[in-house]
Amino acid sequence: MSQGPRSGLAAVSSALLAMSRHLEVRDVLKTIVASARELLDAQYAALGVPDDHGGFAQFVVDGVSDEQWRAIGPLPRQHGILAAMLREAKAERLADVRKDPRFEGWPAAHPDLADFLGLPIRDGDEVIGALFLANKLCAPQGHHRPGPEGGCGFTEEDEELLGILAQHAAIALTNARLYERSRELTIAEERSRLAHELHDAVSQKLFSLRLTAQAAAALVDRDPARAKDELHQVAALAAEAADELRAAVVELRPAALDEDGLVATLRTQIQVLDRAHTARVTFTGNGFRALPAAQEEALLRVAQEALHNALRHSGAAHVDVSVRRRGCGAVLRVTDDGDGFDPTAVRRAGRHLGLVSMRDRASGAGGTLTVESAPGKGTTIEMEVPGG
C-alpha cells in the first residue's frame, strides 16, 4: 500500500508543475484529469466545464482513445447524474452508476461504466466544473471487476484525495481566466500591473503547495499521520490561492458590459484603442438588439482578441469593427488591411493568434466563427450567434 500514496503525491506534484508551466486552460485540465486517474487507480477520468446552454464548454477525458472519443460523438449534455452534480454541488460516490435512478444511459460507443466518483469544482459558491472518475482498478491484478461483489469501488479516502485535486482544478481554471483578461488589456502599464499582481498573489502560494506536497511524500512511510496533515495543508493553500485569483478576476471583469450592453461597451473600448494606436480603429453598430449575457460576452471577447491581433501583429493602418442584427441573432465582423496570413498554415501551427480560443468561444455561445485572410490581403474575422 505504501506505493499508492507515494505515486499519488507525485501526481499531485505533477499537477502543480503543470499549472506553473502552462497558460492554456485545456493543457492544464488534461494534466489534472490524467493525475486524478493515476492517483485513484481509475480506468476512466473526465473533467467538464459547463456552458450556459445545457452542455459543456469543455470536456477533457483520460483513458479513452482518440478513436473511441470520436465514435462517442458530441460533448455530453448536462443531464442525469452530471446535471445533479452541477445543480446540487456535492460529491457523488456510487457502487454502480447504471443503477442510480438519475442514470440516463450513454451512446452506443461509450465505454461501460460501473463504480463512479464525481466531485464538483467550486470557485467560492459557484460550481465551475466537475471532475469524474469511473471503474476503480483492483490491485494487484490491475483490472476492473464491476460490482461490489468484486471488491472494487471508490472509498472515502479516494473522495478526500479527489477533493485536493478539485482545489487544483479551481486554481487552474481561475488562473486561465485571469490570463485571458490580461490579453485584453492594451495599455502597457496595465499589463505590467497585472503581471505584478499575478506574481504576488500566486507564485508564492504555488511554491508553498509544491514544497508541502514534497514534505508529505517524504513522511508518508515513516509518519502517515503527519503526511495526512501535510495534505490537509495542501488543500488549505490551494483554497487560499483560488480565493486570491478569484478576487483578481472580479477586479478585472468589464462591468460596462452588464451595465451598458455590448454596443456601448465596444464603442467605448474602440474609442480608447483609436487614441492609443497609430492605426485608425472604427466601429459601427446597426440594428443590434440585446442578446443573452453569455452570448454578448462571447462576442466581446472575440472582438477584443481579433483587435489585439490586428493592432499588435498585422501592421494594419485601418481596423473596422461592426456588429449588426441577422435574423434573431447577431454578426460581429473585425476587418483589417494588414499583412494577412494563410489560415491553413496557422491552423496547422496550433494556437497562433488565438484562433482556437476564438472558435471555442463562438462554439460555447452556440455560434460559428469564420476567418478570411491571405498574405498581403488583410484579415476578416466574422462571428455569428443565434438569438436567445
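Begin by selecting Phe 116 and Phe 132, both of which are buried in this predicted model. With the two side chains displayed, look at how their rings sit: they form a tilted aromatic pair, with 6.2 Å from centre to centre and 35° between the planes. Colouring by strand then helps, since Phe 116 belongs to strand S4 (residues 116-123) and Phe 132 to strand S5 (residues 126-136), so the pair ties together parts that are 16 residues apart in sequence.

Next, add Phe 59 and Trp 69 to the selection, because rings count as paired when their centres lie within 6.5 Å, and ring pairs link these two residues with Phe 116 and Phe 132 into a cluster. The count of aromatic pairs comes to 3.

Now move to strand S10, residues 379-385, which is mostly covered, with 6 of its 7 residues buried. Which strands pair with S10? One of them is strand S8 (residues 329-336), which pairs with S10 in the antiparallel sense over 7 bridges; to find a point of contact, select Val 334, which stands opposite Ile 381 in S10. Another is strand S9 (residues 368-373), which runs antiparallel to S10 and is joined to it by 6 bridges, and here Ser 373 is the residue to pick, as it stands opposite Thr 379 in S10.

Finish at the turn of the hairpin that S9 and S10 form, where 5 residues lie between the two strands. Select Gly 376 in this turn and check its backbone, which has a positive phi of about 80°.

Terms used: Residues numbered from 1 in each chain as written. Predicted model: local features only at pLDDT ≥ 70, side-chain atom pairs only at ≥ 80, totals over all residues. Heavy atoms only, no water. Buried < 20%, exposed > 50% of the residue type's maximum accessible area, 1.4 Å probe, protein only. Helix = DSSP H or I, 4+ residues; strand = E, 2+ residues; numbered from the N terminus. Pairing = 2+ DSSP bridges. Phe/Tyr/Trp six-rings, centres within 6.5 Å; stacked < 30°, edge-to-face > 60°.
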